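Thanks for coming. I have a structure to walk through today, and I will take it one part at a time. Please look at the picture as I go.

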Amino acid sequence: MIEIAIHGRGGQGAVTASQILAMAFEEQGIRAQAFPQFGTERTGSPVKSFVRASRREIKIKAPVTLADYSIVIDPTLINTVNIVDATKPRGTIVVNTKNALSNISKKHRVICIDVNEIAKSIFARGANVGLLGAFVASTRVLQIKSLTAAISTRFPRFVKENQQVAERVYEIVRKELV
Amino acid sequence: MPLFGKFKYGGKNVISGSDAGAIAAKLCRPSVISAYPITPQTIIVERLAEMVNNGEMKAEMVKVESEHSAASVQMGAQATGVRTIGASCSQGLALMNEILHVISGLRLPCVMMVANRALSAPISIWNDHSDTMASRDTGWIQLHCENNQEIFDTVIQAYKIAEDKNVMLPIMPCFDGYILSHLYESVNVATQSQVDNFLPAYKAVHHYLDPKRPITIGSVAPPNCYTEFKFQQQKAMDKALKVIKKVNSEFSKEFGRSYGNGLVEEYKLKNADTVLIGMGSVCGTIKSVVDKHKGVGLLRIKSFRPFPTEDIVRALSNAKRVAVVDKAFSFGNAGPLFTEVKAVSPVKKINGFIMGLGGRSITEKDIEFVIKNAGVEKNFWVNVNE
């Protein structure tokens, strides 16, 4: 079982990203569930959404307390929400940031990428799916084509643009990690 | 289904519990939708409205000004002899209370989804079972679901159970607000023809309102016959026990999925000394913990009304300790599920655990606590800050 936490602020697409990720796992026949940390979310307030993926049936219906992967759409949340401690030691933290933040933890693999800049060059949005591209590059479990398929399942519009953002970020991170 | 870019009938889709309920309702071809939006049930109403708006669903969506009216409209529509769907929770369900009794008393086979949520005050938009436990004595059948697939399947089954000529009672398919209503997971969505095969078109046979054949329903019952009406309602509940089982196995034949015997689900009870009992999504978490233990099992109560006494007694015949998890409380006494199970339990070492009120997470650690303290001479409010 892999447990993933996606952190963003209301309006940045953390919940949508978690749904797409669950769909991407299911594309590959891996069972998945996605659910938000249920709050009275407002635009700008911290939002958490979780994904579980497993080869076996996922019975548990409880929040993820210690994630294998943390995906951070908004870097200002790193200190607001205790993301580092909520990630398993030796787990991965993927952060959308202009600055090198790899010093935030020595116990984790920290991947920093300025997804906003890449998304802007394509259609000004899509930082959330861009980070999913980075996630796919950082794990061997999921293939990029499953992610792009999930994007086309989830979005009624802007499918190509979102897919491009995801693929572009995936390529960059994959090369960096080689 | 324009929920997303792509959606397919006759296959798997990653959808929310609310989507599952709304799509299942659509496939049952109700003629009238009557519901007032309330968090976290809102998405169900939105989905139904979308499907009516884009012509996918041929039903009349009645806009109402409150839940009391929502239930009244559903009652009135069903009384004309057509299939209906409703949805509510929490304060909304509480506001409907008066009409819920009338619907069951009139023996109208309405189906209304409940996305379980806590009751005020203080305000909580989050999940527990206070709302449906407070509706216990309204005469509605209550079927509690563990996951999104079960929501989809239970809504379809609900019509078949409710409309059975031996039952003719309203049903609430219940599922945990947020925990399931907002959870996305893979659901095998049936095709229209599969559902049509399983669930024939509704034909009201007894009393229904028709201008060509004027009748009055729900008129006064003096003391010489009121008791008989209530006795008949209980007879119907007794018969529902059998019908729920029958529909569960018929559904299994048609769709390849079943939920225990329809009333209860026994999970690893064979060699279990310690048995946990619960309802709804928490049973998923309990199962994942039970999988790590030897000698621990789960008895999931799917049908809270009618209460499956015989099945509970049989399932507990080898148990030594029983722990009942309640997501609601009856003030001045104990958890409602605990009280009822204890009344019929052949096991004397039985205690209750109050958990998950107002959306407090129930973790695997909490379930470990229940297992450790199962059957001791004391009830617990788990994780309460005294």
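What follows goes from the contact between the chains to the domains, the sheet and the helices of chain B, and ends with some backbone details. One thing to keep in mind throughout is that this is a predicted model.

Let me start where chain A meets chain B. How many residues does each chain bring to the contact? Chain A brings 23 residues and chain B brings 25 residues. On the chain A side, the elements that give two or more residues are α1, residues 14–27, β2, residues 31–36, and α5, residues 144–154. Of these, β2(A) gives the most, with 5 residues. By class, this side of chain A has 12 nonpolar, 6 polar and 5 charged residues.

The strand β2(A) also pairs across the chains. Its partner is β8 of chain B, residues 184–189, and the two run in the antiparallel sense over 2 bridges. If you want one place to look at, find Gln33(A), which stands opposite Glu185(B) in β8(B).

Now to chain B by itself. The domain assignment splits chain B into domain 1, residues 11–255, and domain 2, residues 264–381. How far apart are the centres of the two domains, taken over C-alpha atoms? They are separated by 26 Å. Where the domains touch, 29 residues of domain 1 of chain B are in contact with 20 residues of domain 2 of chain B.

Which elements supply at least two residues of the domain 1 side? In chain B they are α5, residues 130–134, β6, residues 141–144, β7, residues 171–176, and α8, residues 226–255. The largest share comes from α8(B), with 5 residues. The domain 1 side divides into 16 nonpolar, 8 polar and 5 charged residues.

Two of those elements, β6 and β7, bring us to the sheet in chain B. The sheet is open and has 7 strands, in the order β3-β2-β4-β5-β7-β6-β12, with mixed pairing. Why do β3 and β12 of chain B each have one side without a neighbour in the sheet? These strands, residues 60–62 and 303–305, stand at the edges with a single partner strand each, so one side of each is left without a neighbour. Neighbouring strands in this sheet are turned by 20° against each other on average, with direction ignored.

Inside that order, β5(B) and β7(B) sit side by side. The strand β5(B), residues 111–116, is joined to β7(B) by 4 bridges, and the two run parallel. Here Ala115(B) stands opposite Phe175(B) in β7(B).

Next, the helices, with two pairs to show. Two packed helices are described by the angle between their axes and the distance between the axes.

The first pair is α3 of chain B, residues 67–79, and α4 of chain B, residues 90–105. Their axes come within 7 Å and cross at roughly 30°. Angles under 35 degrees count as roughly parallel, and α3(B) and α4(B) are therefore roughly parallel to each other. Their crossing is right-handed. On α3(B) the contact residues include Ala70(B), Ala71(B) and Met75(B), and on α4(B) they include Leu95(B), Met96(B) and Ile99(B). By class, this contact has 9 nonpolar, 3 polar and 1 charged residues.

The second pair is α6 of chain B, residues 148–163, with α8(B), the helix we met at the domain contact. Here the axes come within 10 Å and cross at roughly 130°. The helices α6(B) and α8(B) are therefore oblique to each other. This crossing is right-handed. From α6(B) the contact is made by Asp153(B), Gln157(B), Lys160(B) and Ile161(B), while α8(B) adds several residues, among them Val243(B), Val247(B) and Phe251(B). The contact has 7 nonpolar, 2 polar and 2 charged residues.

Last, some backbone details. In chain B, the peptide bond joining Ser120(B) and Ala121(B) is cis, with omega about -10°. The bond from Ala121(B) to Pro122(B) is cis too, with omega near -10°. Where is Ala121(B) found? It lies in the loop between β5 and α5 of chain B, and Pro122(B) is placed in the loop between β5 and α5 as well.

In chain A, Ala124(A) has a positive phi of about 70° although it is not a glycine. Ala124(A) is found in the loop between α3, residues 115–122, and α4, residues 127–138, of chain A.

That is the end of the tour.

Methods. Residues are numbered from 1 along each chain as its sequence is written. Chains are lettered from A and ligands numbered from 1 in the order in which they are written. This is a predicted model: local features need pLDDT of at least 70, side-chain atom pairs count only at pLDDT 80 or more; totals for chains, interfaces and linings use all residues. Two residues are in contact if their C-beta atoms, placed from the backbone, lie within 7 Å. Ala, Val, Leu, Ile, Met, Phe, Trp, Tyr, Cys and Pro count as nonpolar, Asp, Glu, Lys and Arg as charged, and the others, Gly among them, as polar. Two strands pair if DSSP finds at least two bridges between them. Axes are lines fitted to C-alpha atoms, for helices over the stretch in contact, and angles run from 0 to 180 degrees between N-to-C directions. Angles under 35 degrees count as roughly parallel, over 145 as roughly antiparallel, 65 to 115 as roughly perpendicular and the rest as oblique. A crossing is left-handed if the near helix is turned anticlockwise from the far one by less than a right angle, and right-handed if clockwise. Domain bounds come from an automatic or database domain assignment.
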